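Biologist: I should be grateful for a close look at one part of this structure, beginning with a single residue. Please then continue to the other features that deserve description.

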Amino acid sequence: MRNLFLGASAACLTAFASSAALADEGMWTYDNFPAAQVKATYGVTVDKAWLDHVQANAVRLSTGCSASVVSAQGLVLTNHHCVSDCAQDLSTATSDHLKNGYVIATREEERTCPGMQAEVLLSIKDVTDAVKSAAAGKAGGEFVKARNAAIADIERTNCAGKEAVQTCQVVNLYQDGQYKLYTFKKYADVRLVFAPELATAFFGGDPDNFNFPRYDLDMSFVRLYENGKPVATPNHLVWNPAPPKDGELTIVAGNPGTTSRLLTADQLAFLRDVSFPMTLTQLAELRGRLIEFGKRGPEQQRVASHELFGVENSYKVYVGQLQALSGPGFLDSKRQADAELKAKVAADPKLAAATGDPWGRIAQVQAERAGLYAPYVLLEGRAGFFSPLYGYAVELVRAAQERAKPNTERLPEYADARLPLLEKEITDAKPIDKDLNQLQIEFWLLKVREVLTADAPQTKLLLGKDSPETIAARLSASSLADPAARKALWDGGLPAIQASKDPLIQYVLATDSAARAARKAYEERVVGPSGQAAQKIAAARFAVYGDKVYPDATFSPRLSYGKVAGWTYRGQTISYATTFKGLWERATGQDPFALAPRWEAARGKLSDDTVFDFVTTNDITGGNSGSPVLNAKGEVIGAAFDGNIHSLGGAFAYDGALNRTVVASTAAATEAFVKVYGQQALVDELLGKPAKKGNR
């Protein structure tokens, strides 16, 4: 890991102090894009027609990634790591699509990705008044319940009768400051078209992750289907195979996952002192267990590799974010920004009276939060530690229980508008390794006993007189690995769940009360009071800064603008781009710098000076993976797949001098598809050329 130190730079301090976006900063909603700022900075006009065209082709994937429509036949560009679950699910012991890639010749070979759904934004409607009025005058858990009920009713009402083709989601913006209804066109049949080898998509492995220079073809394609046929998308984004130019405008259209820039200094201090240290300790131990599991044999190595990739990636993210929060002066600058906003509020007696002291209330909440956090995370937030079987059991039990209630009284994830995707995720066929599943449940129960202690009532409920090892072995005999068994339980509802003899279903029925109690306490004493205080701060921020403030990321459609540019750090200047020549020089023949066999065979066929990967100043975060990187004309010139190590601090503040988005270029991809993979038909489709007979 290189250049890990993420001290608060002058740019970061400026961002905190101003509380309004600087040049190239911000993850903007489509209905509040700073077109005037882009025009002033880059001389490019981004009008409504431009925005509408991009919105109609920007895709959100249920895997937590972004994508874009790039051909007239529903072809969708995203990252390899956004379809790696699909590639793993379609693999077998004798056909490893992560190792060897997914390279096919005809459209008939395109296979459905289990559990994956694609969504395209149709419209945005402000529903702030409806949500706020429903929760007005309520506190704590009642505030959360009223807010959730209003949201569930809005989502159900607006998608009524259209659930098969649309998704309605109320998006929380500005930390409870605004609520917008986003209506999406959804595609439940998403099929894998192309994926390179993991060694190609993630060349350099963990050492290169969140670093630059990079030499990764982190691109893959899926296709949207309806009624068994590819979707016609004649007004798709244009694929431009030309290399990027240093300094040119770039706009990223994606779904950034989570940022915490609008949190108060006290909330950030909690992350630094409580949340991140606990998370990092557990991820580090889980990583070690997965590595040892992979040493049991080739098949164990195959099934554990994808889980290990996710854990290592998360670990590195949290390390970088913790370094940012711990940097000299970082939290001091945030406290200064909080103080400046408070001073502006205090200077306006009417605004001060309406605002009160929400900062003080949030500070009080953090003391209670410290005692509630571990039970909430271990029993609810990370229960099962990624065990798919345990996850299925919880979803099936809770869905049955919640579906028996009126829509507005359910937990939000079981509201009517959310059920179609949940059913798909539960009932689609996916391979499950029971030994790996046992490891995950065992690890989870060990952490419960360790952190909450053996004497805690929750631990006693979960373990009784058994050990974590004994319980994990018993639960892994569950029949929930069979999609037919899951389908029967889903369709049978609460009577089927209550009559089930499955050990995992019985276990969740007997123990889920502890998780629900931990969640209830956390919502009543942390989420509710924090949400109410955040509404006050958001209103004050709007009053002071107007619409020059962008919301934190919420895995909802956003746009960011920037330019192709390298950076300088500690006297070292990093170029904006890498080339195929650099790949050959970096390859050592040993993991993680070993070339896939196809690429070894292609030495001498590729142009050394073709731009492989490049960096931009676009402001992105996790969830933007797979986002199209667009030029001034709205043409696709790359797919965003990473950030540099400095960008990890972007969860809390944007630093235009150092934060960079890492992009796989269309120039490299176009050449590699033909010369490495023999995918001329794919390139012809991307370039809008007529398909030849027998090809896709």
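**A close look at K633, and beyond**

Modeller: K633 has a relative accessible area of 68% and is therefore exposed, the cut-off being over 50%. The model is a predicted one. K633 belongs to the loop that runs between β18 (628-630) and β19. Its C-alpha lies 50 Å from that of L489, and the two residues are separated by 144 residues in sequence.

On the other side of β19 (636-643) comes the loop that leads to β20 (661-665), and S647 is found there. Is S647 buried or exposed? With a relative accessibility of 15%, S647 is buried, because the cut-off is under 20%. The side chain of S647 comes to 2.6 Å from the backbone oxygen of N644. When neighbours within four places in sequence are set aside, S647 is in contact with N659 and R660.

The aromatic residues form a further topic. How many aromatic pairs does the structure hold? There are 25 of them. In one, formed by Y42 and Y561, the ring centres are 6.4 Å apart and the planes stand at 80°, so the pair is edge-to-face. This pair joins distant parts of the chain, since Y42 sits in helix α2 (residues 35-42) and Y561 in strand β13 (residues 558-563), 519 residues apart. Y561 has a relative accessibility of 1% and thus counts as buried. Elsewhere, one aromatic cluster is made up of F194, F221, W239, F580, W599, F612, F673 and Y677.

Two arginines are also placed against aromatic faces. R191 lies over the face of Y225, at a distance of 3.7 Å from the ring centre. R403 takes up a position over the face of W490, in this case 4.4 Å from the ring centre.

Finally, there is the empty space. The second largest pocket holds about 960 Å³. Its lining comprises 33 residues, and L198, A199, Q301, S305 and D591 are the closest to its centre. Which helices supply at least two residues each to this lining? They are α5 (97-100), α8 (198-201), α9 (205-208), α11 (298-326) and α23 (597-601). Of the contributors, α11 gives the most, with 8 residues.

Key: Residues numbered from 1 in each chain as written. Predicted model: local features only at pLDDT ≥ 70, side-chain atom pairs only at ≥ 80, totals over all residues. Heavy atoms only, no water. Helix = DSSP H or I, 4+ residues; strand = E, 2+ residues; numbered from the N terminus. Buried < 20%, exposed > 50% of the residue type's maximum accessible area, 1.4 Å probe, protein only. Polar contact = N/O pair within 3.5 Å; in protein donor to acceptor, adjacent residues only side chain to side chain. Contact = heavy atoms within 4.5 Å. Phe/Tyr/Trp six-rings, centres within 6.5 Å; stacked < 30°, edge-to-face > 60°. Lys NZ or Arg CZ within 6 Å of the ring centre and 35° of its normal. 1 Å grid on protein atoms, 1.4 Å probe; cavity = no way out; pocket = protein on both sides within 12 Å on 5 of 7 lines; lining within 4 Å. Points joined across faces, edges and corners; volume = space filled by probe spheres on them.
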